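I'm opening a notebook on a chain that is new to me. Below are the sequence and the model, and after them my entries in the order I looked things up.

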Amino acid sequence: MAGLEISGGTVLEINPGAIQTLKQTDIIKNVLLKDKAEVVYAVEPDSTGLKFANGQISYEEYKRIKKKADRLSFVLFCGIVAFLFATGFLFMRLYLT
């Protein structure tokens, strides 16, 4: 592991002193991982990031999974907003006419 990116864009290198500088209010946004070729990868601290860190998936697959999850979240959000709008419209038609 190479470091942590916390809220506010601050990057901490991993060493015993740096970990102690973390506050309880700091949020870890990304974990910075370094491979044998010294290439640094920024991954989120979630199950998909853990799969990449363990070598179960490649970085390209990690990015593809994250993109797919973001797209699904956006579609679900739009669907919920449309459902609430339609429900409100139906209630207005039902009770105001």
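**Entry 1: the faces of β4**

Which residues of β4 are on the covered face, and which on the uncovered one? I found Y41 and V43 on the covered face, while V40 and A42 sit on the uncovered one. In a regular strand, side chains alternate between the two faces of the sheet. A note to myself before going on: this is a predicted model.

**Entry 2: the overall layout**

I stepped back to look at the whole chain. I noted 3 helices and 4 strands, and along the sequence they follow the pattern β-β-α-β-β-α-α. Then I looked up the dimensions. The C-alpha atoms fill a box of roughly 70 × 30 × 15 Å along the principal axes. The radius of gyration is 21 Å, whereas a compact globule of 97 residues would have one near 13 Å. Of the 97 residues, 20% count as buried. I also checked contacts between residues at least 6 apart in sequence: 15% of these join residues at least 24 apart.

**Entry 3: the sheet**

In what order do the strands of the sheet lie? I wrote down β2-β1-β3-β4, an open sheet of 4 strands with antiparallel pairing. β2 (11–13) and β4 are the edge strands, each pairing on one side only. From one strand to the next, the twist averages 25°.

Next I went to β3 and β4. Strand β3 covers residues 28–34, and 4 bridges join it to β4, with the two running antiparallel. I picked out two bridge partners: L33 is matched with Y41 in β4, and K34 with V40 in β4. So Y41, the partner of L33, is a residue I had already put on the covered face of β4, by the faces noted above. V40, the partner of K34, was on the uncovered face.

The hairpin of β3 and β4 has 5 residues between the strands. One of the things I noted there is E38, which takes a positive phi near 65°.

**Entry 4: salt bridges**

How many salt bridges does the structure hold? I get 4. Side chains of opposite charge can pair when their charged atoms come close.

I began with E38, as I was already there. E38 forms a salt bridge with K34, and their closest N and O atoms are 3.6 Å apart. K34 is partly exposed, with a relative accessible area of 43%, and E38 counts as exposed at 53%.

Then came R64 and E61, whose closest N and O atoms are 3.5 Å apart in their salt bridge. Why are these two separated by about one helical turn? They are 3 residues apart in helix α3, so about one turn lies between them. R64 counts as partly exposed at 46% relative accessibility, and E61 is partly exposed as well, at 31%. While on salt bridges, I noted that those sharing partners join E44, D46 and K66 into one network.

From that network I looked up K66 and D46, whose side chains meet at 2.3 Å, N to O. This pair links distant parts of the chain: K66 is in helix α3 (residues 59–96), and D46 is in the loop between β4 (40–43) and α2 (47–53), 20 residues apart. Is K66 buried or exposed? K66 counts as buried, at 18% relative accessibility. D46 counts as partly exposed, at 26%.

**Entry 5: a buried charge without a salt bridge**

E5 caught my eye in strand β1 (residues 3–6). E5 is buried yet has no salt bridge. How far away is the nearest side chain of opposite charge? That side chain is K29, 4.2 Å away, and the cut-off for a salt bridge is 4 Å. Leaving out residues up to four places away in sequence, E5 touches T10, V11, I27, I28, K29 and N30.

**Entry 6: T48**

I finished in helix α2, where T48 is found. T48 is buried, with a relative accessible area of 14%. Which residues does T48 touch, not counting those up to four places away in sequence? I listed I57, Y62 and I65.

Note on methods. Residues are numbered from 1 along each chain as its sequence is written. This is a predicted model: local features need pLDDT of at least 70, side-chain atom pairs count only at pLDDT 80 or more; totals for chains, interfaces and linings use all residues. Side-chain values use heavy atoms; hydrogens and water are left out. Buried means under 20% relative accessible area, exposed over 50%, partly exposed in between (1.4 Å probe, protein chains only). Two strands pair if DSSP finds at least two bridges between them. Lys and Arg count as positive and Asp and Glu as negative; His and the chain ends are not counted. Contact means heavy atoms within 4.5 Å. Axes are lines fitted to C-alpha atoms, for helices over the stretch in contact, and angles run from 0 to 180 degrees between N-to-C directions. The radius of gyration is taken over C-alpha atoms; the globule rule is 2.2 Å times the number of residues to the power 0.38.
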